[in-house]
Amino acid sequence: MKGILLLLISVLFISCQATNQNNEVARVNLILDTDIGPDYDDVGAMAVMHALADSGEANIIATISSNMDEHAVPCIEVINNYFNRPDIPVGATKGSGVSLTTWHKEQKWPVVLTEKYKYATDKTSDAPDAVAVYRKILSLAADNSLTICSIGFMTNLRNLLESGADQYSNLSGQELVAKKVNLLVSMAGEFPQSKKGEFNIKQDAVSASYVAEHWPTEILLSGFEIGKDILTGKPTSEMPVSNSPIKETYKLSLAQDNPYGRNSWDQTAVLVAIKGYEPYYTALRGTLIVDQTTGANSWIQNDQGRHAYLVKKMPDEQIALLIEKYMMHQPVKK
Ligand SMILES: [Ca+2]
């Protein structure tokens, strides 16, 4: 009951924001779908998201996991709690899906975060079904009012598209998305092509292929090549603060990887989902094609295409500084 009430309040809030009278920067109503766990750029991306929510540029509507690893949802909640937003709805993949944790052999950051910080959902499998969370939120939202940012696997998005009428809506998942979701921004693929398959796509290529083919609104893609050369995290790992799960993740992880920083794939997707791509990138329109067996992707260029991928414009170093600034953002009291 409390969950439904909070959801109603947040949806009312969305409606109010959409008719903002003061010509302020329009807020983006964002649902984040993350595979947090194997890589820690999701942690950086969540920090960027909360920084931009604190600056009034985003409303965080839900944070959903496409990773079935039992630490995933607890880690999401650790970060939401840290930024004083403990009530953001969470959800997770049910049925078949991908379950992955960090490659680190020594101190594993998802374990450290869940040992040290507070969270409400004991384990990922206790979280509500991602599809039900999506359908509830979409059914209550104003038309064309939502942006989804996917920085993991496309399992939940495919399950949503394939869902049928339920207690929340008579519409199919595909109809609900067409009506309520303005844009899907996704860190996925490599452009103009990937022969071996980019990580997020390859982990669940069947879902990625389905979403590329059936998603009814625009998809903006931040490919592997965009975040690859943007190294961040060193200043974040050295922040003069204590009890920060963001600092702690980067400190532990960079010590086991590259001490100069980690690639910023997911942060770029969150950045353009909230602030738009124009200040930082150009976008090339066309159609994403995914091989559902290998996860390889190709691209058909077409000015009328429903998909677009980011093309570099601003120097990587400049975007790295901007992302790092947002990653170093400190929580504000609510
Ligand atoms: Ca990710």
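Lysine 275 is partly exposed in this predicted model. Its relative accessibility is 28%. Lysine 275 forms a salt bridge with glutamate 57. The closest N and O atoms of the two residues are 2.7 Å apart. Lysine 275 belongs to helix α13 (residues 265-275), while glutamate 57 sits in the loop between α2 and β2 (58-65), so the bridge ties together parts that are 218 residues apart in sequence. Glutamate 57 counts as buried because its relative accessible area, 15%, falls under 20%.

In total, 14 salt bridges were counted. Another of them pairs glutamate 218 with arginine 285, with the closest N and O atoms 2.9 Å apart. Here two strands are involved: glutamate 218 lies in β6 (residues 218-222) and arginine 285 in β9 (residues 281-290), so this pair connects parts 67 residues apart in sequence. Glutamate 218 is partly exposed, at 35% relative accessibility. Arginine 285 is also partly exposed, at 27%.

A further salt bridge joins aspartate 316 to lysine 312. Its closest N and O atoms are 3.1 Å apart. Aspartate 316 is buried, at 14% relative accessibility. Lysine 312 is partly exposed, with a relative accessible area of 36%. This pair does not stand alone: Lys228, Asp229, Lys312 and Asp316 are linked in a network of salt bridges.

The calcium ion is held in view next. Its protein donors are Asp35 (OD), Asp42 (OD), Asp42 (OD), Ile151 (O) and Asp266 (OD). Asp42 thus appears twice in the donor list. The donors lie 2.2 to 2.5 Å from the ion. Along the chain, they follow the spacing D-x6-D-x108-I-x114-D. Aspartate 42 is part of helix α2 (residues 41-54) and isoleucine 151 is part of strand β4 (residues 146-151), so these two donors tie together parts that are 109 residues apart in sequence. Aspartate 42 is buried, with a relative accessible area of 0%. Isoleucine 151 is likewise buried, and its relative accessible area is 0%.

Arginine 262 is found in strand β8 (residues 262-263). Its relative accessibility is 16%, and the residue counts as buried because this value is under 20%. The side chains of arginine 262 and aspartate 39 are joined by a polar contact of 2.8 Å. Leaving aside residues up to four places away in sequence, arginine 262 touches Asp39, Tyr40, Trp103, Ile230, Leu231, Thr232, Tyr250 and Leu254. Asp39 therefore figures both in the polar contact and in the list of residues touched, where contact means heavy atoms within 4.5 Å.

Helix α7 spans residues 173-180. Gly173, Leu176, Val177 and Lys180 are buried in this helix. Viewed down the axis of α7, the buried residues fall within an arc of 95°, so they line one face of the helix. These buried residues pack against α5 (130-140), β4, α6 (155-161) and β5 (181-187). Among these partners, β4 is the strand that holds the calcium donor isoleucine 151.

Notes
Residues are numbered from 1 along each chain as its sequence is written. This is a predicted model: local features need pLDDT of at least 70, side-chain atom pairs count only at pLDDT 80 or more; totals for chains, interfaces and linings use all residues. Side-chain values use heavy atoms; hydrogens and water are left out. Donors are N, O and S atoms within 2.8 Å of the metal (3.2 Å for Na, K and Ca); water is not among the atoms, so sites may look incomplete. Helices (H or I, at least four residues) and strands (E, at least two) are DSSP runs, numbered from the N terminus. Buried means under 20% relative accessible area, exposed over 50%, partly exposed in between (1.4 Å probe, protein chains only). A polar contact is a pair of N or O atoms within 3.5 Å; within protein, one must be able to donate a hydrogen and the other to accept it, and residues adjacent in sequence count only if both atoms are side-chain atoms. A salt bridge is a side-chain nitrogen of Lys or Arg within 4 Å of a carboxyl oxygen of Asp or Glu. The arc is that of the directions from the helix axis to the C-beta atoms.
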